[in-house]
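Please follow the chain through its fold, beginning with a helix close to its end and then turning to the sheet and the core.

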Amino acid sequence: MLQTHVLAEVHLIKMDTLISKDQVIDILYDILDPEIKINIYDLGMIYDIKINDNNVVLDITLTSAGCPLAESLEEEINSAFKEKGINVSLNWVWLPSWTIDRITADGKDQLVSIGFPMKLLEKST
């Protein structure tokens, strides 16, 4: 009985704590694009993060609008935030369309490390 009480208390503490943008980004670092296997934050799939108390709204896109794995990605995001006791809502954004210019420097390094040609990631001028 004591163990249940302690677990419930920890859960309540987690729910009452306000979440920061950095904490949201840390969670996003652990969520990988199902096909590319690079985190969705560094891939530039997150357009905006809005936080109100312990509720997070993510403006998110896909690297391809017709991606058949959108549903599984949404489930993974919901699960990752729920595990931390955080309510998350996804706002799917299609305009502007995702481009490789949205990938962070870390994301580009990760892509190169798995064999993606760097010259394809360089911004065209």
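What covers the buried residues of helix α4 includes α5 (118-121), where helices (H or I, at least four residues) and strands (E, at least two) are DSSP runs numbered from the N terminus. The buried residues of α4, which spans residues 105-113, are G107, K108 and L111; buried here means under 20% relative accessible area, exposed means over 50%, and partly exposed lies in between, with a 1.4 Å probe and protein chains only. Because G107, K108 and L111 cover an arc of only 100° around the axis, they fall on the same side of α4, the arc being that of the directions from the helix axis to the C-beta atoms. On the other side of α4, A105 and S113 are exposed. Just after α4, G115 takes a positive phi of about 105°.

The model is a predicted one, in which local features need pLDDT of at least 70 and side-chain atom pairs count only at pLDDT 80 or more, whereas totals for chains, interfaces and linings use all residues. Residues are numbered from 1 along each chain as its sequence is written, and side-chain values use heavy atoms, with hydrogens and water left out.

Taken as a whole, the secondary structure of the protein comes to five helices and three strands, and from the N terminus on its elements run α-α-β-β-α-β-α-α. The three strands form an open sheet in the order β1-β2-β3, with mixed pairing; two strands are taken to pair if DSSP finds at least two bridges between them. The edge strands are β1 (46-52) and β3 (87-92), each of which pairs on one side only. From one strand to the next the twist averages 20°, with axes being lines fitted to C-alpha atoms, for helices over the stretch in contact, and angles running from 0 to 180 degrees between N-to-C directions.

The mixed character of the sheet can be followed pair by pair. β1 and β2 (residues 55-60) pair in the antiparallel sense over six bridges, and among the bridge partners K50 is matched in β2 by V57, while I51 is matched there by V56. These two strands form a hairpin with two residues between them, and D53 in the turn has a positive phi of about 60°. β2 and β3, by contrast, pair in the parallel sense over six bridges, and the bridge partner of V57 in β3 is S89. The connection from β2 through α3 to β3 makes a right-handed β-α-β unit; a crossover is right-handed if, with the strands pointing away from the viewer, the path from the first strand over the helix to the second runs clockwise.

Two helices can now be placed against this sheet. Helix α2 (residues 21-29) lies across β1 and β2, running at about 130° to β1. Helix α3 (residues 70-83) packs on the sheet and touches β2 and β3, its direction making about 155° with that of β3. In α2, the residues V24, I25, I27 and L28 are buried. Because they cover an arc of only 155° around the axis, they lie on the same side of α2. The buried residues of α2 pack against β1, β2 and α3, contact meaning heavy atoms within 4.5 Å.

Why might I19 be counted among the buried residues? I19 is buried because its relative accessible area is 11%, and this residue is found in the loop between α1 (2-16) and α2. Leaving aside its neighbours within four places in sequence, I19 is in contact with V24, I27, I51, D53, N54, V56 and I86. The C-alpha atoms of I19 and I86 are separated by 8.2 Å, although the two residues are 67 residues apart along the chain.

The largest nonpolar core has 29 residues, of which L28, I31, I40, V56, L58, I77 and F81 touch the most other members; such a core is a set of buried Ala, Val, Leu, Ile, Met, Phe, Trp, Tyr and Cys residues joined through side-chain atoms within 4.5 Å. α2, β1, β2, α3 and β3 each supply at least two residues of this core, and its largest share, five residues, comes from α3. Not counting residues up to four places away in sequence, I31 touches I38, N39, I40, L73, E76, I77, A80 and F81.

Of the 125 residues of the protein, 32% count as buried.
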